[in-house]
Amino acid sequence: MRTAYSVETVRAAEQGLMARLPEGTLMQRAAAGLAVACAQLLGRVYGSRVVLLVGSGDNGGDALYAGARLARRGAGVTAVLLAPDRTHAGGLAALLRAGGRTVAPQDAEGPVLRADLVLDGIVGIGGKGGLRPDAARLAALAGDSRGVVVAVDLPSGVEADTGEVRGAAVRADVTVTFGTHKPGLLIDPAREYAGSVRLVDIGLGAELPDEPALEALQHADVARLLPVPGAESDKYRRGVVGIAAGSGRYPGAAVLAVAGALRGGAGAVRYVGPAADAVIARFPEALVSDRGPRKAGRVQAWVVGPGAGDDAATVAEVVTADVPVLIDADGLRLADPDAVRARRAPTLMTPHAGEAAALLGVPREEVERARLTSVRELAGRYGATVLLKGSTTLVADSGGGAVRVNPTGTGWLATAGSGDVLSGLAGSLLAAGLSAFDAGSVGAYLHGLAGRLAADGAPVGAHDVAEAVRVAWRDVRDVRD
């Protein structure tokens, strides 16, 4: 599992470790790892041209010490000093002793554009609000450079704790981060600025608390959580999920939600709604009912809302059920907030950014800009687990704690009906006994992986994603087996 910690936590951990180490040890560890990463990216260090963009903080010091190491290996290293009177003195002295040189920002264009590697050490993890004009100009030059752009710890101009980008920022090809990931490296829009992320161990592990700010499941984590039937399993032990979805206008939403539930491992699916004929035609194993959710038969969880149109009565009936409930799509609009907050059984809400914005009463752009803040706010406001879909899907629990970010998403999942598949898939995991937090996290992971497998670089539809869930499940299971 990858974990990310807040700036405050990282700084406290660094202070605790530095108190027991000789002065400068952590910076030298960071610089050494940074120099190794840069050397690997260059391939041939001797004769290469490296430009350092150096601010006044410790990130500038890291860049200078790493530059000194590369200069000693024969690279031509030029440091662009944004604040000469506040540049890290030790790092600058090391660079000059190694044969590096400095230039003023106004003379940076030629060196940056000709560089084989540009190292961004302008602003550290405490930066807020985008870059100032002089730094923004250097960020733009780095973007125009022919060389690879490497960010020190975090791309300058993005916010470490939230992933927000409020102004000009460096777009890195690679970010070399130290000690632990920072939330902004895993959450869009900042994630797009970070490029490929490499973690350098500087010894912080023992200083960090058990609970991170953010965590990202990996194959082995998902494999441990997957519900696998035993020898004595029957359909009820595997989990029966009820699907209340679809309408005369959107019968396909019901079919896709049922597909997601069946491919997600449900022992049985009970369908309630006006799309029964379409569901049975595609999935004869589905159990259909026209008597409403309360009379549909025994279920261990409900999914309500995909393609529901204006069927507020069905949504209200499901929300009062005493089993876990997943609310999606139209259900989010139709559900009474007070009824959702009054529920005692687990609730999982799965909005996309537009739906989340409507629930919060803010513009969609605000949700997309501040995804982490938005998902936490929604979870607290509704007393539910919230899965915020999007370029980086986030899952937040109503009780606080670490937020999970899904690492498997792909733009190919931006297709009609894909969210319906996810609802059925996550609903099947709820019915199997996973918590709302785990069901949302595992469901998002499998859904994203299925999207990648189905697409393989080419357009796909939601039906293809549903079919690929089985392959995704098998790939994850292989880790455990």
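Helices and strands here are runs assigned by DSSP, a helix having at least four residues and a strand at least two, and they are numbered from the N terminus. With that naming, D153 can be placed in the loop between strand β6 (148-152) and strand β7. The structure is a predicted model, and the protein in it holds 20 helices and 18 strands. Its radius of gyration is 25 Å, close to the 23 Å that the globule rule gives for 481 residues, so the protein is as compact as a globular protein of that length.

**Overall build**

- Taken along the principal axes, the C-alpha atoms of the protein fill a box of roughly 80 × 45 × 45 Å.
- Buried residues make up 58% of the 481 residues, where buried means a relative accessible area under 20%.
- If one considers the contacts between residues at least 6 apart in sequence, 68% of them join residues that are at least 24 apart.

**Nonpolar cores**

- The largest nonpolar core has 57 residues, and within this core I243 and V258 touch the most other members.
- Helix α19 (residues 436-455) gives the most to this core, contributing ten residues.
- When residues up to four places away in sequence are not counted, I243 touches A257, V258, A261, V269, R270, Y271, V272, W302, V303 and G424.
- There is also a second, separate core of 56 residues, which includes A31, A35, A68 and L185.

**Helices α2 and α3**

- Helix α2 (residues 25-42) has 18 residues and reaches 26 Å from its first C-alpha to its last, which is close to the 26 Å expected at 1.5 Å a residue.
- The buried residues of α2 include T25, L26 and M27 towards the start of the list, and also A31, A35 and L42; of these, A31 and A35 are named among the members of the second core.
- Helix α2 is followed by G43, a residue whose phi is positive, near 80°.
- Helix α3 (residues 58-72) has 15 residues that should span 21 Å at 1.5 Å a residue, and this agrees with its end C-alpha atoms, which are 21 Å apart.
- Twelve of the 15 residues of α3 are buried, so this helix is largely enclosed by the rest of the structure.
- Among the buried residues of α3 are N59, D62, Y65 and A68, and A68 is also included in the second core.
- Just after α3 comes G74, which takes a positive phi of about 100°.

**Helix α15 and its surroundings**

- Six of the eight residues of helix α15 (residues 353-360) are buried, so this helix too is largely enclosed by the rest of the structure.
- The buried residues in α15 are A353, E355, A356, A357, L359 and L360, and what covers them includes α13, β15 (347-349), α16 (364-369), α17 (371-382) and β16 (385-388).
- Just after α15, G361 takes a positive phi of about 75°.

**Backbone details in loops**

- The peptide bond from D188 to P189 is cis, with omega near 5°, and P189 lies in the loop between β7 (174-178) and α7 (190-194).
- D153 has a positive phi of about 75° although it is not a glycine, and with a relative accessible area of 6% D153 is buried.
- A329, likewise a residue other than glycine, has a positive phi near 50°, and its place is in the loop between β14 (325-327) and α13 (330-334).
- The relative accessibility of A329 is 17%, so this residue counts as buried, the cut-off being under 20%.

**Rings and charges**

- The structure holds zero aromatic pairs.
- Charges do sit over rings, however: R171 lies over the face of Y193, at 4.0 Å from the ring centre.
- The charged end of R341 sits over the ring of Y382, 5.7 Å from the centre of that ring.

**Residue T78**

- T78 has its place in strand β3 (residues 76-81), and at 7% relative accessibility T78 counts as buried.
- Leaving aside neighbours within four places in sequence, T78 is in contact with V50, V51, L52, R101 and V103.
- T78 and R263 are 185 residues apart in sequence, and their C-alpha atoms are 56 Å apart in space.

How values were computed
Residues numbered from 1 in each chain as written. Predicted model: local features only at pLDDT ≥ 70, side-chain atom pairs only at ≥ 80, totals over all residues. Heavy atoms only, no water. Core = buried A, V, L, I, M, F, W, Y, C linked by side-chain atoms within 4.5 Å. Buried < 20%, exposed > 50% of the residue type's maximum accessible area, 1.4 Å probe, protein only. Contact = heavy atoms within 4.5 Å. Phe/Tyr/Trp six-rings, centres within 6.5 Å; stacked < 30°, edge-to-face > 60°. Lys NZ or Arg CZ within 6 Å of the ring centre and 35° of its normal. Expected span 1.5 Å × (residues − 1). Rg over C-alpha atoms; globule rule 2.2 N^0.38 Å.
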